[in-house]
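Me: I'd like to go through the metal site and the pockets in this one. Can you keep the cut-offs in view?

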Amino acid sequence: GLNLTDIQGDILIGMKKNKELFFFFTIINSTLFRSQLGSGILPLITPTSQLLAVDTQPTTAVNLAFSQRGLTTLDITDDLGDTAFANGQIDNVASILGDETSNWESAFAGTSIHGVFLLASDTVDNVNATLSQIQALLNGSITESYSLQGQARPADQQGHEHFGFMDGISNPAVTGFSTPLPGQQVIDPGLFLLGETGDTVTRPAWAKDGSFLAFRQLQQRVPEFNKFLVDNALSNPNLTADQNAELLGARMMGRWKSGAPVDLTPTVDDPVLAADPQRNNNFNYSHPGFDLDTDQTHCPFSAHLRKTNPRAGLNPENTANHIIRAGIPYGPEVTDAENASNVSSTDPSLERGLAFGMHSVMVKSESNDLVPPRCIVAYQSDISAGFAFLQQFWANNAGFPGGKATQPGVDPIIGTDGLGQADVPRSPSGLDPADPTRIITIEQDFVVSRGGEYFFSPSLSAIQNTLAI
Ligand code: N7H
């Protein structure tokens, strides 16, 4: 089994609280920082074991991760064996991730982020109290470079992201840790934890049971997304106009807002199915009597869910490119004025989106500087394996999944056709079940990357024995 008292809690199960602060910091006195890390900070770090039962969960769960710059600042010079991590996310910005750099938050574009504290609790007051405690312990050895306060959405939207879709349903099960639910893929721990079974890269011994954390601040243009659905509502004669707009959204996502997979319930939402963990992940896009390479009556090839995890669409089943997602919405609800104008406000205090942490072993070899193939099947298991892989070779690749009757087009939620340029029109097919070859052009991006960074979340023993002095 895995050493759950040594593995930080956010990696395998997530801290799952209604408020989560991402506090990005710069180390200005590394000796002082390292001297406070072991006796002061370490007892506050929440291991996986503490999150497993409600009665052992702390009031505020705390996790800690470092960028390459941060490790270097701490005089940790070992090579963790991951090019993307070593170079930082900014190095991936345009050619790999497709982001428009000018949309990046300046802190992510700069060089000041050495690490991040993740603080999760039921209230912002609790989060702030723990942050004050950490700052007092660190005694001026760090300064804030940026922070992002995430919060669950109110009332019946809790658990749903800002577009309105239930999130956090499909994550892989991990061998030796979780019992898989029906349909849940079972993945080796070494895909998420360094040095465990399935991690094929040589790592320094102290890095064992740490994980790479890809953080992304993804702005969501909610009024624009809603307007697009209304303007392009499908034409199922048995549905109302509103239902036809909902249907388009569900087909773009691969799930209804309730979370029910369109692969199992293609024309109507099914909230009972959505809420049933025995059934809501139990699908793989194949259906008796339907051809996996032509059938889009159940789920479009381009649906976000299918692009980022093709399930039976890749044969043999892909077990190499999986991430564990731990996102939380940030920003306020859409205002009446935004709803009325169908345009997101430019007021920074009204920005909303997903504060998105993804855990995976990111790169399996040195060659992540390949130019992404744009129109061919891009499955190559030995290049960047996690988040960057999914974004570059699946979401942003119009030809993926390959071998289909119709080219799927890029992911209609997160994909980009303009490498390094936002709002380049995208051309997914398959969204209209009445005519799967029909392309519904999307003029504008609904998700805008505001940047991010790659981090390493060390084990608790690595914090104690290697990072602290
Ligand atoms: Fe996605 N959304 O809330 O609209 N995603 N995602 N994602 N995503 C998923 O099944 C969303 C993003 C994956 O195993 C669901 O748990 C939004 C990035 C993967 O079948 C919903 C954004 C990447 C899955 C969303 C966003 C991924 C997944 C269904 C940006 C990686 C699981 C809920 C703002 C590059 C697929 C669920 C599977 C599911 C949303 C980003 C990947 C609703 C809004 C950047 C692997």
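Me: What makes H304 the only protein donor of the iron atom of the ligand?

Reply: Donors are N, O and S atoms within 2.8 Å of the metal (3.2 Å for Na, K and Ca). NE2 of H304 sits at 2.1 Å from the iron, the only protein atom to qualify, so H304 counts as a donor under that cut-off. Water is not among the atoms, so the site may look incomplete. H304 itself lies in helix 11, residues 304–308; helices are DSSP runs of H or I, at least four residues, and strands are E runs of at least two, both numbered from the N terminus.

Me: How much can I lean on this?

Reply: This is a predicted model, where local features need pLDDT of at least 70 and side-chain atom pairs pLDDT 80 or more, while totals for chains, interfaces and linings use all residues. Residues are numbered from 1 along each chain as its sequence is written, and side-chain values use heavy atoms, without hydrogens and water.

Me: Why is the largest pocket called a pocket?

Reply: On a 1 Å grid over the protein atoms alone, a pocket is an open set of points where a 1.4 Å probe fits, with protein on both sides within 12 Å along at least five of seven lines. The volume, the space filled by probe spheres set on the points, is about 980 Å³.

Me: Which element gives the largest share of its lining?

Reply: Strand 8, with six residues. Lining residues have an atom within 4 Å of a point.
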